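Hi,

Here is the structure I promised to pass on. Have a look at it first, and then read my notes underneath.

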Amino acid sequence: MLSAYSSLTQVIAHRGSSGQAPENTLASLHLAGQQGIKWVEIDVMLTSDGIPVIFHDDYLHRTTNGEGLIHKTTLEDLQQLDAGAWKGTEFQHQKVPTLIEAIEVIAHYGMGLNLELKPCEGLEEETTEASIAVLKKHWPTHLPLILSSFNYFSLTSARDLWPEIQRGYNVSAIPKAWQSRLENLGCSGLHIHQPFFDAQLVAEIKKAGYKVLAFTINNESLAIELFDQGLDAVFSDFPLQIQHAIDSQIPALEVAFT
Ligand code: G3P
Ligand code: CA
C-alpha cells in the first residue's frame, strides 16, 4: 500500500464531482473519474442493518425522496429511494450506493479515496468497524486510501483496527492543541474548514510534518491563493474547474522564466 498522503494531488472531488452530479452517488464518482480527477472524498454511514453506505446527512430528506433517519432505515428500503432527482431529472434513479459499489467505481478509474467516517451518534466505533471490514476485503491495495473523521472515537477505532492506513483529522477551526490531538490520534493530516485557514499556523503544522487540506473550496482564485500560502490540497465540488486553474498557471510560470 502506498503512503497515501505522499501521493495526494492538490484537488479532491468532494462527495464526488458533486457540483455537477448528485453528491455521494455513483454518478458523481463516475463524473470525477471521467474528468481525470485523481482523488475523491465520500462520506460513509450505516443503515439500520449495519451496512456501510455512502451518505452525508443523518436524515434522508435533503438528498433523497425518503424521510426519516438513515440509521433507522434498512438497506433494502434505502435502495428503493431516488438519490439523484433532486439534482436534476437526468439523475433520476441514482441510488444511495453501498461502500462496496462506490469502491468498484473508484477503483475502475484508479482514483485515491478519502473515506470520511460520518457516524450517527452512538455508532462511532460500529461505523468504523463495518467500513474497515469492507475496505479490507474490497479496496485494491495498490491504490491510496485515507480514513478521516470529525469524530474522536471513529478515529481512535480506525487507528486501533487498521493502523497502517493513514488518517486525517477533520476540524472546523484549528484547535489550539492541534499537535497533541494529531499525535494522540496518530493522524498524518489536518483537514480544516476553509474560513479558518491561517497561513502562519498552517506553516507551523506543516513544519511539524503534517499535511493540511481545506474544505470546501469552489473558487479557483481562492484555491490558488491558499496553495501559494502552503495549503496542500482542497476538497472541491467543482474539482475540474480548480484543476484547470492550476494547470493554466503553468504556462504563466514558464513565460516568466524564458
Ligand atoms: O472531509 C472533508 C469535508 O467533507 C467535511 O465536511 O460536511 O462536507 O462532510 P462535510
Ligand atoms: Ca465529507
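Strand 2 (residues 39-46) and strand 4 run parallel and are joined by 6 bridges; two strands count as paired if DSSP finds at least two bridges between them. Strands here are DSSP runs of E with at least two residues, helices are runs of H or I with at least four, and both are numbered from the N terminus. Within this pairing, Val44 has Leu117 of strand 4 as its bridge partner.

Before you go further: this is a predicted model, where local features need pLDDT of at least 70 and side-chain atom pairs count only at pLDDT 80 or more, while totals for chains, interfaces and linings use all residues. Residues are numbered from 1 along each chain as its sequence is written, chains are lettered from A and ligands numbered from 1 in the order in which they are written, and side-chain values use heavy atoms, with hydrogens and water left out.

Back to strand 4 (residues 112-117): 6 of its 6 residues are buried, meaning under 20% relative accessible area with a 1.4 Å probe, protein chains only (over 50% is exposed, in between is partly exposed). Gly112, Asn114 and Glu116 point one way, Leu113, Leu115 and Leu117 the other. Strand 4 also pairs with strand 5 (residues 145-149), in the parallel sense, over 4 bridges. There, Leu113 stands opposite Leu145. Between these two strands the chain passes through helix 4 (residues 124-138), in a right-handed β-α-β crossover. Right-handed means that, with the strands pointing away from you, the path from the first strand over the helix to the second runs clockwise.

Strand 1 (residues 11-14) is covered on both faces, with Val11 and Ala13 buried on one side and Ile12 and His14 on the other. Strand 1 runs parallel to strand 9 (residues 233-236), joined by 3 bridges, and Ile12 faces Phe235 there. Strand 1 pairs with strand 2 as well, again in the parallel sense over 3 bridges, and His14 sits opposite Glu41. Helix 1 (residues 26-34) completes a right-handed β-α-β unit with strand 1 and strand 2.

One last thing, about helices. The axes of helix 4 and helix 5 (residues 152-161) come within 8 Å and cross at roughly 40°; axes are lines fitted to C-alpha atoms over the stretch in contact, and angles run from 0 to 180 degrees between N-to-C directions. The two helices are therefore oblique to each other (not under 35 degrees, over 145, or 65 to 115, which count as roughly parallel, antiparallel and perpendicular).

Cheers
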